[in-house]
Amino acid sequence: MTPKSKYNANKLEKRLCRNVGKAIEDFNMIEDGDRVMVCLSGGKDSYALLDILLKLRSRAPIHFDIFAVNLDQKQPGFPEHILPQYLDSLDIEYKIVEEDTYSIVKDKIPEGKTTCSLCSRLRRGILYRTAKEMGATKIALGHHRDDMLETLFLNMFYGGRLKSMPAKLVSDDGQHTVIRPLAYCKEADLIRYGDVQEFPIIPCNLCGSQDNLQRQAVKAMLHEWDRRYPGRSETIFKAMQNVVPSHLADRQLFDFLSMQPTGEANADGDTAFDQPSFSEPKPEFASDVQIVELK
Ligand code: SF4
């Protein structure tokens, strides 16, 4: 590695550690005494998550345990030795759970139909059960900022909901706290970090499932926006952290029915005919949406 690439790799590591530390602090993701179960799939994101959490733990003012869990779903060609080898080299607690969900999915879903929803439902149940068995107090997943942005638009375009992927939330069975410490990390940084660290990546297409075309289209749309208007993804993510319920139309979020003038000036009040003004980059969503054909 040249001195320059070493310098850049250091900067990247510091930025990722800072972003993860900030997300943990902002959302109170990890507390003293926690036992954090890191779900390791063998992809670049979960490797980075485990690596950065271990680095942060070594200098954290609080004590918490970390252990890794991988679910071996018995997909054909899954290289079983890679994760145990890697985890042994880290000398950390881990568990490989072997459950043949692949056969169940192939058996239940007709050929040509999408298998992901049953597969992920089965995986979720197994991971929740494992978390309970192993006494985890937090389940950490490797989703990053760009996953959250894509989910926001998928829910808007195809689900009619203004909803993304939570940085921290109680699981749907009400039993676990799920955290996403990479919430502030860009995917581009994680790709570079994976290259620098030379994580032994396991390909994610072993099941033979087709790529999710809707997600691919939204990803392409966001990339194109960022290419044409640098910083747009940052701005959208900032918007997710800066919601003004009175300026949307969800009657559950804001009490439109009984609100009354207070007599006090309020900068967040209605500005009647004034058009909102923005600094660059200008929002040009109406024309931009047509850039990428959404299937
Ligand atoms: S891509 Fe394959 S392994 Fe992943 S959720 Fe879909 S069916 Fe399961």
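The legends below describe several close-up views of a predicted model.

**View 1. The whole chain, with its 10 helices and six strands.**
In this predicted model, the C-alpha trace of the chain spans about 65 × 50 × 45 Å along its principal axes. The chain has 295 residues, of which 25% count as buried. Among the contacts in the chain with a separation of 6 or more, 77% are accounted for by residues 24 or more positions apart.

**View 2. The open sheet of six strands, in the order 3-2-1-4-6-5.**
The pairing within this sheet is mixed. Strand 3 (94–98) and strand 5 (168–170) stand at the edges, and because each has a single partner strand, one side of each is left without a neighbour in the sheet. Direction ignored, neighbouring strands of this sheet are turned by 25° against each other on average. In a regular strand the side chains alternate between the two faces of the sheet.

**View 3. Strand 1 and the two strands that it pairs with, strand 2 and strand 4.**
Strand 1, made of residues 35–39, is mostly covered, since four of its five residues are buried. Five bridges join strand 1 to strand 2 (residues 65–72), and these two strands run parallel; here Arg35 stands opposite Asp65 in strand 2. The path of the chain from strand 1 to strand 2 leads through helix 2, and this β-α-β crossover is right-handed. Strand 4 (residues 138–140) also runs parallel to strand 1, to which it is joined by three bridges, and Met37 has Ile139 of strand 4 as its bridge partner.

**View 4. Strand 2 and strand 3, paired in the parallel sense.**
The pairing of strand 2 with strand 3 extends over five bridges, and in strand 3 the residue that serves as bridge partner of Ala68 is Tyr94. Together with helix 3, these two strands make a right-handed β-α-β unit. The loop between strand 2 and helix 3 (82–90) holds Lys74, a residue other than glycine whose phi has a positive value, near 60°. Lys74 is partly exposed, with 15 other C-beta atoms within 10 Å.

**View 5. The antiparallel pair formed by strand 5 and strand 6.**
Strand 5 and strand 6 (residues 177–179) are joined by three bridges. Within this pair, Val170 stands opposite Thr177, which belongs to strand 6.

**View 6. Helix 2 and helix 5 against strands of the sheet.**
Helix 2 packs on the sheet, where it touches strand 1, strand 2 and strand 4, and the direction of helix 2 makes about 155° with that of strand 1. Helix 5 (residues 116–133) lies across strand 1, strand 2, strand 3 and strand 4, and runs at about 145° to strand 2. Leu122 has its place in helix 5 and counts as partly exposed, with 19 C-beta neighbours inside 10 Å, whereas 20 or more would be needed for a buried residue. Leaving aside neighbours within four places in sequence, Leu122 is in contact with Thr101 and Ile104. The C-alpha atoms of Leu122 and Leu12, which are 110 residues apart along the chain, are separated by 35 Å.

**View 7. The packing of helix 2 and helix 7.**
Helix 2 (residues 44–58) and helix 7 (residues 187–197) pack at an angle of about 75°, and their axes are 9 Å apart. Helix 2 is therefore roughly perpendicular to helix 7. On the side of helix 2, the residues that meet helix 7 are Lys44, Asp45, Tyr47, Ala48 and Asp51, while helix 7 contributes Leu190, Ile191, Tyr193, Gly194 and Gln197. By character, the residues of this contact of helix 2 with helix 7 divide into five nonpolar, two polar and three charged.

**View 8. Glu198 in the loop between helix 7 and helix 8.**
The loop that contains Glu198 leads from helix 7 to helix 8 (213–228). Glu198 is a residue other than glycine, and its phi has a positive value, near 50°. With 8 other C-beta atoms within 10 Å, Glu198 is exposed, because a residue counts as exposed if 12 or fewer such atoms lie within that distance.

Methods:
Residues are numbered from 1 along each chain as its sequence is written. This is a predicted model: local features need pLDDT of at least 70, side-chain atom pairs count only at pLDDT 80 or more; totals for chains, interfaces and linings use all residues. Axes are lines fitted to C-alpha atoms, for helices over the stretch in contact, and angles run from 0 to 180 degrees between N-to-C directions. Angles under 35 degrees count as roughly parallel, over 145 as roughly antiparallel, 65 to 115 as roughly perpendicular and the rest as oblique. Two residues are in contact if their C-beta atoms, placed from the backbone, lie within 7 Å. Ala, Val, Leu, Ile, Met, Phe, Trp, Tyr, Cys and Pro count as nonpolar, Asp, Glu, Lys and Arg as charged, and the others, Gly among them, as polar. Two strands pair if DSSP finds at least two bridges between them. A crossover is right-handed if, with the strands pointing away from the viewer, the path from the first strand over the helix to the second runs clockwise.
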